Amino acid sequence: MNTVLEIDKLSKHFGSLIAVDNISFSVEKGNVYGLLGPNGSGKTTTLGMILNVVNPTKGTWRWFGNTHNSDALKKIGAIIERPNFYPYLSAKKNLQTVATIKQVSFSRIDEKLETVDLLHRKNDRFSAFSLGMKQRLAIAAALLNNPEVLILDEPTNGLDPQGIIKIREIIRQIANMGTTIILASHLLDEVEKVCSHVVVLNKGKSIYCGAVENMSNELGYFELGTANIDKLVNILENMTCFEKIVRRHDIVSATLKNDLDAEELNKILVNQGIFLNHLVKRKNNLEQQFLNLIKNETDITTAKNRME
Amino acid sequence: MKQILRLLKIEWNKIYNYKTARIFIIIYFALLASMGYLVTVIKPSVDNMSLDLARFGAYLFPYVWQNITYFADFGSIFLGVIIITNITNEYTYRTMKQNLIDGLTKKEFLLSKLLVSLIFSLLSTIIVFFACLGLGLVYTQNPSSIFKGVTFVLGYFLKVSVFFSFCTLLAFWIRRSGFALMLVILWRLGEVIILGIEQISSRSSFHLSNLLPGNASATLLPFPGIKLQNFMRGGTVFSLSDFHAEYCIAAIVYIVIFIVLSYQLLKKRDL
């Protein structure tokens, strides 16, 4: 059984507001999941429910194949929104409290503080920490039980660039050890850098769940550069496999209609006397794919509404 | 048992390392423990005459049981404040949410807070018991029936426990220490006023508002009876009040109600 988490038709209503609407998806072992969605799309509420702090209105979920209970939570490490610790306790004492709750030995505390580079500050009070250090301490706390699943909700929110890079490094390190990670973020760039899978939420509904590369079926586009741009554009326009050719300064970007290898294209162009100084084949980045997905979803809903 | 120790370990870490709480607790228990000595030294002066309560027989068996427990009860407000802040802090720091995410159940969370209250009230009761016993033994010439009136120690324990569980409920409900504390005080005043109105308007010796939580537990620990006639005849000023065992049941029922309501609040609310 490699399914770590199964969410089945989960809903949460706050009065008349539907924060989470009938969400179902599952999380497989060893993958890094990005939980995507604009602000207010229900990410934190969903996480709150599967972590037992928000009562669901409807629906169920199963951790490790069993219905939820607090014992499952002891195999999970989670940080929601912002680091929550006792401000008057030192880093070490705070982690001792967490260790007692999770029923793990105190001997791991130093090791985890080392992982997040806080060992030298272990006797300082939490209230004296910078936001980046607080966030790192939260990660240390989440790692204390060597969790099978790590849940991070906006872990780089409010951090400076160095802090962001540091957290990202730590996440990557943890992912490399084979830990399943669920990373909620509205920073797509962040998710793109570390995630293999995504779950996309919009207005409380899950609109996609799967591998990042399958998120859209488009073939991608080429970025090309050469000395004689006009001739290049001319040749490309006469080829059948492009649907859109756009020229920007000295770079031409050509969107594919039928698949074509970069090597193949290069060969064709050389035969026509064009020598490239720039050749890249890429896919739309996550941000564009995400926006397309949300746009499609909105279009479908509008169309449905019109039909009704 | 192992679970209880685990919960206590968590609470110890939270409370003992909180400087204000630690200082308050130490002062409270130090005062309570030295009370047996302090009451004999402090002699309030009335009309330039020092009032030595010992001369009025305040520390004689069996009156000492009622007098000292009644007096000691005032200290419980200190611990009430600590119990309230210990809970409301968990909301302010949002650590309760984190505790639950880390794998503590809501039941365990409530239990850990209740255990602290229980330890506070047990420890206070034990200290008060020995203070009364010590004073009585020192001042009573020929102690014949030492344990007559010892039921007031049970009354003290129950009264303090009702108060602590009430504080717990209000802390969970209001989530702000200042307002919770204010409500504790207002509630008590309200009960006293209601009882006063009932006493004025009804001649019966039974008052319905005596069944309210504060009044019911106050009935367990009544103000020491003073009978000047006795003193004139060469006896002691004090007289032993009746111990109302039936109000013990009321106290226990209230403790259960407050705990159940706290749990319901905790269970129903999203964090």
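Which residues of H3(B) are buried?

1. The buried residues of H3(B) are B:Tyr63, B:Val64, B:Trp65, B:Gln66, B:Asn67, B:Ile68, B:Thr69 and B:Ala72. A residue is buried if 20 or more other C-beta atoms, placed from the backbone, lie within 10 Å of its own, exposed if 12 or fewer, and partly exposed in between. Helices (H or I, at least four residues) and strands (E, at least two) are DSSP runs, numbered from the N terminus. Eight of the 10 residues of H3 of chain B (residues 63–72) are buried, so this helix is largely enclosed by the rest of the structure. The cover over these buried residues includes helix H2 (19–41), helix H6 (106–139), helix H7 (151–174) and strand S4 (238–239) of chain B.

2. Basis of the note: this is a predicted model, in which local features need pLDDT of at least 70 and side-chain atom pairs count only at pLDDT 80 or more, while totals for chains, interfaces and linings use all residues. Residues are numbered from 1 along each chain as its sequence is written, and chains are lettered from A and ligands numbered from 1 in the order in which they are written.

3. Just before H3(B), the peptide bond from B:Phe61 to B:Pro62 is cis, with omega near 0 degrees. B:Pro62 sits in the loop between strand S2 (49–50) and H3 of chain B.

4. Chain A has 10 helices and 14 strands, and its C-alpha trace spans about 70 × 55 × 35 Å along the principal axes. Of its 308 residues, 39% count as buried. The chain is divided into domain 1 (3–214) and domain 2 (221–282), with bounds from an automatic or database domain assignment. The C-alpha centres of these two domains lie 43 Å apart.

5. An open sheet of six strands in chain A has the order S6-S7-S8-S3-S9-S10, with mixed pairing; two strands pair if DSSP finds at least two bridges between them. Its edge strands are S6 (76–79) and S10 (205–211) of chain A, each paired on one side only. Strands S3 (residues 32–36) and S8 (residues 180–185) of chain A pair in the parallel sense over five bridges. A:Leu36 stands opposite A:Ser185 in S8(A).

6. The largest nonpolar core has 82 residues, and those with the most contacts inside it include A:Tyr33, A:Leu137 and A:Ile182. Such a core is a set of buried Ala, Val, Leu, Ile, Met, Phe, Trp, Tyr and Cys residues joined through C-beta atoms within 7 Å. H5(A) supplies the largest share of this core, eight residues. A second, separate core of 55 residues includes B:Tyr156, B:Cys167, B:Ala216 and B:Phe258.

7. Between the chains, 22 residues of chain B are in contact with 23 residues of chain A; contact means that the C-beta atoms of two residues, placed from the backbone, lie within 7 Å. H5(B) gives the most to the side of chain B that touches chain A, with six residues.

8. Two residues of chain A other than glycine have positive phi: A:Phe64 at about 50 degrees, and A:Asp117 near 65 degrees. A:Phe64 lies in the loop between strand S4 (58–63) and strand S5 (66–67) of chain A and counts as partly exposed, with 17 C-beta neighbours inside 10 Å. A:Asp117 lies in the loop between helix H4 (108–115) and H5 of chain A; A:Asp117 is also partly exposed, with 14 other C-beta atoms within 10 Å.
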